[in-house]
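User: I've got this model open and want to talk it through with someone. Mind taking a few questions?

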Amino acid sequence: MSKIKIGVDMGSTSTTIYRDGMGIILHEPTKALCEINERGHLSIKEYGKRAEKLQGRVPTHFMLVDPVVDGQIKNVEVATKLLRKYVQMVTTDDPDARISAVFSVPCGLSLENKKQYQVVAYGAGISDVWLVPTVIASALGAGCDLVNQLNTFIVDIGGGCTDIAVIGECGIIHGLTLNVGADKMNKSIERYTKQKFDLVIDQRTSQLLKEEIGSLLPNDVSSMIVKGVASDNSIQEVLVTADDVYKAVVEYYELVTESVNTIINACSPEVVGYIHEVGIVVCGNASKIVGLDRFMTNYLNIRVAVVEGSTSAQGLGMLLGDKKLLKTILEEN
């Protein structure tokens, strides 16, 4: 029987799959549109991007389900069916192959929560499953040398949660997971827009605002016209500024930065001194906001570098091709 190796980053917002020898071949929302029958049973009708587009456009007996919330699997049944669909999509050329997978999971998960990822993976048709902390995978994908570098400080601000860790000898020395991510920031932008402009915007619009004009720089003059539903149910347009977005999301970036400082304070003087030399690496869904590096550097007095791209999935891909490194990481974590 042939074998296929994949890396799976099944996050609160999106699922990314890396296939050995092919690279990243799937990036879809971790969402499923489910129909609820009279007995309360769910059946999945649409997956991923298609399900997301239908949000708010279907009858009330349909429900958009987010099976992963704040980095934890909240609906095992839907998560399993969703992952099975995605695995089938990336293995159509060899549907009978034996599949092994490396999964990235938040470093703060309990053993019970980690087992749920394994249950979902096995239920999706994966034969062999290894769980790797997201911060480890992200550090590798961001270009960090976990073998030769004494210590690495990584911050992964994802869709549902933020992982923060100091790594040494391929293991986490100090780390934590915050229930703060892009999803909460988007919702905060929606609340702010409702409060200031009396305008209801959807999640796609709030995300677009954060991505297009979101900024942590003082006096940023960027702006964007958006449409929404006013209190009289009419469609209205308003001008939203970078300052509006800043006021809606800054508390979350402050919390992340304060938590980074907490981890620094827990480290030995030797590790702190080394981190001051090499700096901090930041990545993830919500790290793209303009000025984040300067914002964190000013607070921490440590150089901060933001790395874009699907770092976690890229790191998982590297582990698929390096059995020795994967074994070391599994032993140390």
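Analyst: Sure. One definition before we start: a residue is called buried when its relative accessible area is under 20%, exposed when it is over 50%, and partly exposed in between. Also keep in mind that this is a predicted model.

User: Let's use that right away. Is Thr 80 buried or exposed?

Analyst: Thr 80 is found in helix H2, which covers residues 76-90. Leaving out residues up to four places away in sequence, it touches Val 120, Gly 123 and Ala 124. Its relative accessible area is 11%, and the cut-off is under 20%, so Thr 80 is buried.

User: Zooming out, how compact is the protein chain for its length?

Analyst: The secondary structure comes to 11 helices and 18 strands. The radius of gyration is 21 Å, close to the 20 Å that the globule rule gives for 333 residues, so the chain is as compact as a globular protein of that length.

User: What box do the C-alpha atoms fill?

Analyst: The box is taken along the principal axes of the protein chain. Its dimensions are roughly 60 × 55 × 30 Å.

User: What share of the contacts joins residues at least 24 apart?

Analyst: The count starts from contacts between residues at least 6 apart in sequence. Of those, the share joining residues at least 24 apart is 64%.

User: And the surface: how much of the exposed area do carbon and sulfur atoms supply?

Analyst: On the inside, 49% of the 333 residues count as buried. On the outside, the protein chain exposes about 15,800 Å², and the carbon and sulfur part of that is 48%.

User: How far apart are the mean positions of the positive and negative charges?

Analyst: There are 32 positive and 40 negative charges in the protein chain. Averaging the positions of each set gives two points, and they are 6 Å apart.

User: Which helix gives the largest share of the largest nonpolar core?

Analyst: In soluble globular proteins, nonpolar side chains tend to be buried together. Here the largest nonpolar core has 44 residues, and Phe 153, Tyr 253 and Val 260 are among those with the most contacts inside it. The largest share of this core, 10 residues, comes from residues 242-266, which is helix H7.

User: How many residues are in the other core?

Analyst: Apart from the largest one lies another core, with Ile 4, Cys 34, Leu 83 and Val 105 among its members. Its residue count is 32.

User: Gly 71 caught my eye. What is its relative accessibility?

Analyst: Gly 71 sits in the loop between strand E7 (68-69) and strand E8 (72-73). Beyond its neighbours within four places in sequence, it is in contact with Ser 12, Pro 106, Leu 109, Tyr 117 and Cys 161. Gly 71 counts as buried because its relative accessibility falls under 20%, at 4%.

User: How far is the C-alpha atom of Gly 71 from that of Lys 227?

Analyst: Along the chain, the two residues are 156 residues apart. In space, their C-alpha atoms are separated by 31 Å.

User: Which loop holds Glu 169?

Analyst: Glu 169 has a positive phi of about 55° although it is not a glycine. At 60% relative accessibility, over the 50% cut-off, it counts as exposed. Its place is in the loop between strand E12 (162-168) and strand E13 (171-178).

User: Last one: what is the relative accessible area of Asp 198?

Analyst: Asp 198 lies in the loop between helix H5 (182-197) and strand E14 (199-200). Its phi is near 55°, a positive value in a residue other than glycine. Asp 198 is partly exposed, with a relative accessible area of 31%.

Key:
Residues numbered from 1 in each chain as written. Predicted model: local features only at pLDDT ≥ 70, side-chain atom pairs only at ≥ 80, totals over all residues. Heavy atoms only, no water. Helix = DSSP H or I, 4+ residues; strand = E, 2+ residues; numbered from the N terminus. Rg over C-alpha atoms; globule rule 2.2 N^0.38 Å. Buried < 20%, exposed > 50% of the residue type's maximum accessible area, 1.4 Å probe, protein only. Contact = heavy atoms within 4.5 Å. Areas by Shrake-Rupley, 256 points an atom, 1.4 Å probe, with all protein chains shown as cover. Lys, Arg positive; Asp, Glu negative; His and termini not counted. Charge placed at Lys NZ, Arg CZ, Asp CG, Glu CD. Core = buried A, V, L, I, M, F, W, Y, C linked by side-chain atoms within 4.5 Å.
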